[in-house]
Amino acid sequence: MDQEQPQRPPPQQPIKYGDVFNVSGDLADQPIAPQDAAMMQAAEATVFGQTQKAGPAAAMQAAATINERAGLLAHDDATEAARQRGITVTETESQGTRVITESVAGQVVGKFYEATPVLAATGAARQAMVTIGEALEAAGRAAGNKPVDHSDAAAIQAAECRATGSNLITPGGLAAEAQSAAAYNDGFAGNEGRVKLADVLSGAAEKLPADKVATREDAEGIMSAELRNDPHRKTHSGGVAEAVGAAASVNEEGGVIGDTTV
């Protein structure tokens, strides 16, 4: 009996931009080429001083190496999109936040946020802009007796993420403490024995691994988080959202001299 001939495996496909990044159009179908990765590495090194771990350049290098070793691309290959429209890493700064945007052929493949120093000297006087951490401390004073609920925890988490420029919750940090307090309070019918906002937000600025000046964009994002997690879709008087909103208003007016009270 004739043996059945083994079927040849389908030809291997290169790893494309659309496989790795949230891009569209022609770029999504372009293979990630070795010289594309080299250009992104050079651009990152110019802005950051080195290639970022787990950043776009590292992801592109890994994909390009696989494509090259599979014989699908040559070491000197670059995509038409990268050659014609470029690979860029740009840096901007807005009210205490450094924003770094990485793009291939005009499409964003990575964005990073870093807090920058929040105090500016004007002559002998110090003009202090109110930070997110200071706004949280103000909420702890204004609404300190309020038991922590899940809307508070969501607002505090949003505040921590905006202050640090990271979507990752710091283990044992302010957001983690607020979430733990909200879960603990779920087991109580009344206010007696429940963890209060003052317990969590006391010394908030020091508990944050990084801090930044509160902006209107920060205030809107934090308010949205608080509203989404409140059963009545309301913010709390003197709470986190109101405190950060007040801080943003102060900062829009140029800050206050020698006083950072919201």
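Author: Axes are lines fitted to C-alpha atoms, for helices over the stretch in contact, and angles run from 0 to 180 degrees between N-to-C directions. The model discussed here is a predicted one, in which local features need pLDDT of at least 70 and side-chain atom pairs count only at pLDDT 80 or more, while totals for chains, interfaces and linings use all residues. Residues are numbered from 1 along each chain as its sequence is written, and side-chain values use heavy atoms, with hydrogens and water left out.

Reader: How many helices and strands are there in the protein chain?

Author: The chain contains 12 helices and 6 strands. These are DSSP runs numbered from the N terminus (helices are H or I with at least four residues, strands are E with at least two).

Reader: And what share of the residues is buried?

Author: Of the 262 residues in the protein chain, 40% are buried. The cut-offs refer to relative accessible area: under 20% is buried, over 50% is exposed, and partly exposed lies in between (1.4 Å probe, protein chains only).

Reader: What part of the contacts comes from residues 24 or more positions apart?

Author: Among contacts with a separation of 6 or more, such pairs account for 64%. A contact means heavy atoms within 4.5 Å.

Reader: Let us take one helix. Where is H7, and how many residues does H7 have?

Author: Helix H7 covers residues 150–164, which makes 15 residues, and reaches 21 Å from its first C-alpha to its last. Because 12 of its 15 residues are buried, H7 is largely enclosed by the rest of the structure.

Reader: Which residues of H7 are the buried ones?

Author: The buried set begins with Ser151, Asp152, Ala153, Ala154, Ala155 and Ile156. The list continues with Ala158, Ala159, Glu160, Cys161, Ala163 and Thr164. Just after the helix, Gly165 takes a positive phi of about 75°.

Reader: At what angle do H7 and H8 pack?

Author: H7 and helix H8 (residues 174–185) pack at about 175°, and their axes are 8 Å apart. That makes H7 roughly antiparallel to H8. The classes of angle are roughly parallel under 35 degrees, roughly antiparallel over 145, roughly perpendicular from 65 to 115, and oblique for the rest.

Reader: Which residues of H7 and H8 meet?

Author: H7 contributes His150, Ala153, Ile156, Gln157 and Glu160. On the H8 side they meet Leu174, Ala175, Ala178, Gln179, Ala182 and Ala183.

Reader: How do the axes of H7 and H11 cross?

Author: The axes of H7 and H11 come within 7 Å and cross at roughly 150°, and the two helices are therefore roughly antiparallel to each other. Here Ser151, Ala154, Ala155, Ala158, Ala159 and Arg162 of H7 meet Glu217, Asp218, Gly221, Ile222, Ala225 and Glu226 of H11.

Reader: What about H6 and H12, at what angle do they cross?

Author: Helix H6 (residues 132–142) and helix H12 (residues 240–252) cross at roughly 130°, with axes that come within 8 Å. That makes H6 oblique to H12. Ala135, Leu136 and Ala139 in H6 meet Val240, Ala243, Val244 and Ala247 in H12.

Reader: A change of topic: which loop holds Ala105?

Author: Ala105 lies in the loop between strand S2 (97–104) and strand S3 (107–115). Ala105 has a positive phi of about 50° although it is not a glycine. Its relative accessible area is 9%, so Ala105 is buried.

Reader: Is Arg233 buried or exposed?

Author: Arg233 counts as exposed, because its relative accessibility is 55%. Arg233 sits in the loop between helix H11 (216–228) and H12. Its phi is also positive, about 55°, although Arg233 is not a glycine.

Reader: Finally, where is Ala57, and in which helix?

Author: Ala57 is found in helix H4 (residues 56–69) and is buried, with a relative accessible area of 0%. Its C-alpha is 7.8 Å from that of Ala38, although the two are 19 residues apart in sequence. Beyond its neighbours within four places in sequence, Ala57 is in contact with Met40, Gln41, Glu44 and Thr51.

Reader: And what does Asn67 contact?

Author: Asn67 also lies in H4, and it is buried at 1% relative accessible area. Leaving aside neighbours within four places in sequence, Asn67 is in contact with Pro14, Ile15, Pro31, Ile32, Leu72 and Leu73.

Conventions: The expected span of a helix is 1.5 Å times one less than its number of residues.
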